[in-house]
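Biologist: I would like to go through this structure one value or name at a time. Please give the reasoning before each result.

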Amino acid sequence: MKKNRFIFWLAFAGVVAAPFVYWPLGVIGIVLAAASEYWTLSILGGVILDVLYGVPPANFHSVFFPLTLFAIVAIVIRIASEKYVLKRGREETL
Amino acid sequence: MWREPERSVHLDFGVRRRPRAVSRLFFLLALFAIIALVAVAFFRQPAGGILWRGIGFVENNTGFVGAAIRDFGAQFSAKAILAEQNQELSRRVAVLEARNADRDVLYEQNIALKKQFGRPDASRSGILAAVISRPPATPYDTLVIDTGENLAVITGDFVSAGGGALIGQITDVYSTTARVTLFSSAGNTYQALLRGTTPVTVTGEGAGALTAKVPAGTEVAVGDAISFPDIAANISEIVAAIDAPENNSFKTLYLRLPANIFTLQFVEILPSYGAGH
């Protein structure tokens with residue numbers, strides 16, 4: 001998925017709508033932003049939603065910033081997939 | 001004059017250079033994330049308060065942002081299904097009204113008797129709070145309410161859906177808002193009493209559901225109340241279903257909170273409830 005204005009606004013809308021409507025929209029927004037290489041939106045979205053939603057209780061309490069961590073993981077996966085999957089042409093796979 | 005044609009031969013043999021841009025990006029990303037997390041960790045509480053005040057302002061003054069999107073889906077519900085739901089709900093209201101007819105009288109009588117025997121704290125008046133945000137807009141089974149430090153709300157205060165129907169506890173307090181973590185929050189466990197006598201460990205499962213295990217010989221029925229050991233009458237869960245397999249030494253109780261967390265409009269904060277604080 002390449003950079004695309006429409007996807008940027010879709011991801012942004014997901015992050016903004018999440019605290020009003022349905023919190024998984026925020027997660028979808030973070031993933032979309034990471035997949036389209038909008039790293040800043042992905043991480044900022046994660047941080048803002050983490051501040052809003054607070055620290056998770058019980059088992060995941062020690063994670064402290066779960067959505068920010070999720071955004072970072074999504075970005076790392078995106079970069080890794082770019083390096084090893086998406087841009088791997090035939091000339092490199094003899 | 002003959003000249004050898006210029007040729008560019010690209011021999012890679014699988015040796016790939018590490019793209020510098022990617023490592024620089026990784027470094028910048030990691031640095032940015034660390035700085036941001038440290039900054040946010042320090043200012044998380046006030047920042048959360050400011051953000052929720054903003055969201056509360058939008059919800060209170062417009063009221064349509066979430067509702068408009070939520071109601072959009074309702075347009076696709078079939079008319080017949082809605083009519084059927086309406087009839088079912090009307091029947092349920094009638095049954096509950098009949099059941100609750102004597103509840104207020106008994107409750108008043110209960111408090112009067114406790115006062116007569118020297119327990120004036122048997123009834124507690126709470127602080128009314130409006131719910132700004134509720135599941136599914138918030139994760140981890142939490143509510144955000146519109147009272148906070150301004151009305152002396154403190155962490156650990158119990159929250160009821162009305163009267164003695166306890167649903168959770170205050171876990172974060174901001175200047176004008178507070179966060180309530182419901183008992184059903186996934187992974188939370190606490191001790192309570194089944195039918196006011198049998199101790200049980202209740203575990204939250206999320207979305208207003210909880211579970212508990214009791215020995216196979218324990219007398220329990222659907223509709224039984226789970227409560228906290230306290231002088232004031234309270235209900236924290238209701239038994240919704242029982243799974244009692246044969247040849248098993250335990251029964252699994254499936255519980256639900258005494259109120260629908262997805263439609264809560266108001267809650268009551270009980271400042272001095274319990275002995276924990």
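Biologist: In which helix is the place of Ala80(B)?

Modeller: This is a predicted model, where local features need pLDDT (the predictor's confidence in each residue, from 0 to 100) of at least 70, side-chain atom pairs count only at pLDDT 80 or more, and totals for chains, interfaces and linings use all residues. Residues are numbered from 1 along each chain as its sequence is written, while chains are lettered from A and ligands numbered from 1 in the order in which they are written. Helices (H or I, at least four residues) and strands (E, at least two) are DSSP runs, numbered from the N terminus. On that numbering, Ala80(B) belongs to chain B helix H3 (residues 79-100).

Biologist: Is Ala80(B) buried or exposed?

Modeller: A residue is buried if 20 or more other C-beta atoms, placed from the backbone, lie within 10 Å of its own, exposed if 12 or fewer, and partly exposed in between. Ala80(B) has 8 other C-beta atoms within 10 Å, so the class is exposed.

Biologist: How far apart in space are Ala80(B) and Pro258(B)?

Modeller: In sequence, 178 residues separate Ala80(B) from Pro258(B). From C-alpha to C-alpha, the distance between these two is 29 Å.

Biologist: In which order do the 6 strands of chain B close into a barrel?

Modeller: Two strands pair if DSSP finds at least two bridges between them. The pairing in this barrel is antiparallel, and neighbouring strands are turned by 45° against each other on average, direction ignored (axes are lines fitted to C-alpha atoms, and angles between N-to-C directions run from 0 to 180 degrees). The barrel order in chain B is E1-E2-E5-E4-E3-E12.

Biologist: Which residue of E12(B) stands opposite Ser160(B)?

Modeller: Strand E3 (residues 158-160) of chain B pairs with strand E12 (residues 266-270) of chain B over 3 bridges, in the antiparallel sense. In E12(B), the residue opposite Ser160(B) is Glu268(B).

Biologist: Which residue of E4(B) stands opposite Ser160(B)?

Modeller: E3(B) and E4(B) run antiparallel and are joined by 3 bridges. They form a hairpin with 5 residues between them, and Gly162(B) in the turn has a positive phi of about 140°. Across from Ser160(B) in E4(B) is Leu166(B).

Biologist: What is the bridge partner of Asp172(B) in E5(B)?

Modeller: A hairpin of 4 residues connects E4(B) to E5(B). E4(B) and strand E5 (residues 178-182) of chain B are antiparallel, with 5 bridges. Asp172(B) is partnered in E5(B) by Arg179(B).

Biologist: How many of the 8 residues of strand E4 of chain B are buried?

Modeller: Strand E4 covers residues 166-173 of chain B. It is largely enclosed by the rest of the structure, because the number of its residues that are buried is 7.

Biologist: Which residue is joined to Pro135(B) by a cis peptide bond?

Modeller: Most peptide bonds are trans. Here omega is about 10°. The partner lies in the loop between strand E1 (127-133) and strand E2 (142-145) of chain B, and it is Pro136(B).

Biologist: Is Tyr140(B) buried or exposed?

Modeller: Tyr140(B) is in the loop between E1 and E2 of chain B. Its phi is positive, about 60°, although it is not a glycine. With 25 other C-beta atoms within 10 Å, Tyr140(B) is buried.

Biologist: Is Ala152(B) buried or exposed?

Modeller: Ala152(B) sits in the loop between E2 and E3 of chain B. Its phi is near 60°, a positive value in a residue other than glycine. There are 12 other C-beta atoms within 10 Å, so Ala152(B) is exposed.

Biologist: How far apart do the C-alpha centres of domain 1 and domain 2 of chain B lie?

Modeller: The domain assignment, automatic or from a database, gives domain 1 (22-63) and domain 2 (125-277) of chain B. Their contact (C-beta atoms, placed from the backbone, within 7 Å) takes 8 residues from domain 1 of chain B and 9 residues from domain 2 of chain B. Between the C-alpha centres, the distance is 30 Å.

Biologist: Which element gives the most to the side of chain A that touches chain B?

Modeller: The contact takes 23 residues from chain A and 31 residues from chain B. Helix H3 (39-53) and H4 of chain A are the elements that give two or more residues to the chain A side. With 6 residues, the one that gives the most is H3(A).

Biologist: In which helix of chain A is confidence lowest?

Modeller: Chain A averages a pLDDT of 84, and 88% of its residues score at least 70. The chain has 4 helices and 0 strands. Confidence is highest in helix H2 (residues 24-35) of chain A, at 92, and lowest, at a mean of 86, in chain A helix H4 (residues 66-86).

Methods
Two residues are in contact if their C-beta atoms, placed from the backbone, lie within 7 Å.
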